[in-house]
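Welcome to the tour! Please open your viewer, keep the selection tool handy, and follow along one stop after another.

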Amino acid sequence: MTLPLDQRGQSVTVFFTVVVMALLLVCGLVIDGGRQAAATREAQSVAAAAARAAADAAVGDIVAGGVGATTGIDAGRRLLNAAQLNGTVTPLASGMRVEISTRVTTVFLSVIGISSLPVTGSATVEYATVR
């Protein structure tokens, strides 16, 4: 069975369109997924630095006779603000915890309605006594 000449091109066009759309979706997943992974690494790094700064400030205040928590929270928030990230700094019984939650905008996936992807980072620092 042979298709008439005017119908042969249509089947190739449909196939080509489906393949191109699939390739664009894969490119979107790779590029936007890579952007999300990079933003997650940055959030994790900033959270770790903020937790260290908060713990250092808190311990310094405790050694000087203060409570420590407020000083540590302020130091952690200053570092988060400097990195232009939103997060929480929480004092623990034996340390400090920083959690960051933000979103990264997508480039390719916005075509199918996904305009941003979630990004999180967290770190906990525990005080240790050195003798």
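**Stop 1: Val-30.** Select Val-30 and switch on the surface. Is Val-30 buried or exposed? Val-30 counts as exposed because its relative accessible area is 59%, and the cut-off for exposed is over 50%. Now colour by secondary structure: Val-30 sits in helix α1. Keep in mind as you look around that this is a predicted model.

**Stop 2: the patch around Val-30.** Add Met-21, Leu-24, Val-26, Ile-31, Val-107 and Phe-108 to your selection. Together with Val-30, these residues make a nonpolar surface patch of about 610 Å².

**Stop 3: the whole chain.** Clear the selection and show the protein as a cartoon. How many helices and strands does the protein have? The secondary structure comes to 2 helices and 3 strands. Following the sequence, you meet them in the pattern α-α-β-β-β. Bring the surface back for a moment: the accessible surface is about 8600 Å², and carbon and sulfur atoms account for 62% of that area. Of the 131 residues, 24% count as buried.

**Stop 4: the core.** Hide the surface again and select Leu-80, Val-89, Met-96, Val-98 and Ile-100. These five belong to the largest nonpolar core, which has 19 residues, and they touch the most other members. Which elements give two or more residues to this core? They are α1 (5-63), α2 (69-82), β2 (95-105) and β3 (116-126). Helix α1 gives the most, with 8 residues.

**Stop 5: Val-89 and its contacts.** Stay in the core and centre the view on Val-89. Leaving out residues up to four places away in sequence, Val-89 touches Ala-54, Gly-72, Ile-73, Gly-76, Arg-77, Leu-80, Met-96, Arg-97 and Val-98. To put this in a wider setting, take the protein's contacts between residues at least 6 apart in sequence: 54% of them join residues at least 24 apart.

**Stop 6: the salt bridge.** One of the residues touching Val-89 is Arg-97, so select Arg-97 next, along with Glu-99, and show their side chains. The two side chains meet in a salt bridge, with 3.1 Å from N to O. A search of the whole structure finds 1 salt bridge. How exposed are its two partners? Arg-97 is partly exposed, with a relative accessible area of 26%. Glu-99 is also partly exposed, at 37% relative accessibility.

Key. Residues are numbered from 1 along each chain as its sequence is written. This is a predicted model: local features need pLDDT of at least 70, side-chain atom pairs count only at pLDDT 80 or more; totals for chains, interfaces and linings use all residues. Side-chain values use heavy atoms; hydrogens and water are left out. Helices (H or I, at least four residues) and strands (E, at least two) are DSSP runs, numbered from the N terminus. Buried means under 20% relative accessible area, exposed over 50%, partly exposed in between (1.4 Å probe, protein chains only). Contact means heavy atoms within 4.5 Å. Accessible areas come from the Shrake-Rupley method with a 1.4 Å probe; for residues, only the protein chains shown count as cover. A nonpolar core is a set of buried Ala, Val, Leu, Ile, Met, Phe, Trp, Tyr and Cys residues joined through side-chain atoms within 4.5 Å. Patches are made of residues with over 30% relative accessible area and no salt bridge: like charges are joined within 9 Å, nonpolar side chains (Val, Leu, Ile, Met, Phe, Trp, Tyr) within 5 Å. A salt bridge is a side-chain nitrogen of Lys or Arg within 4 Å of a carboxyl oxygen of Asp or Glu.
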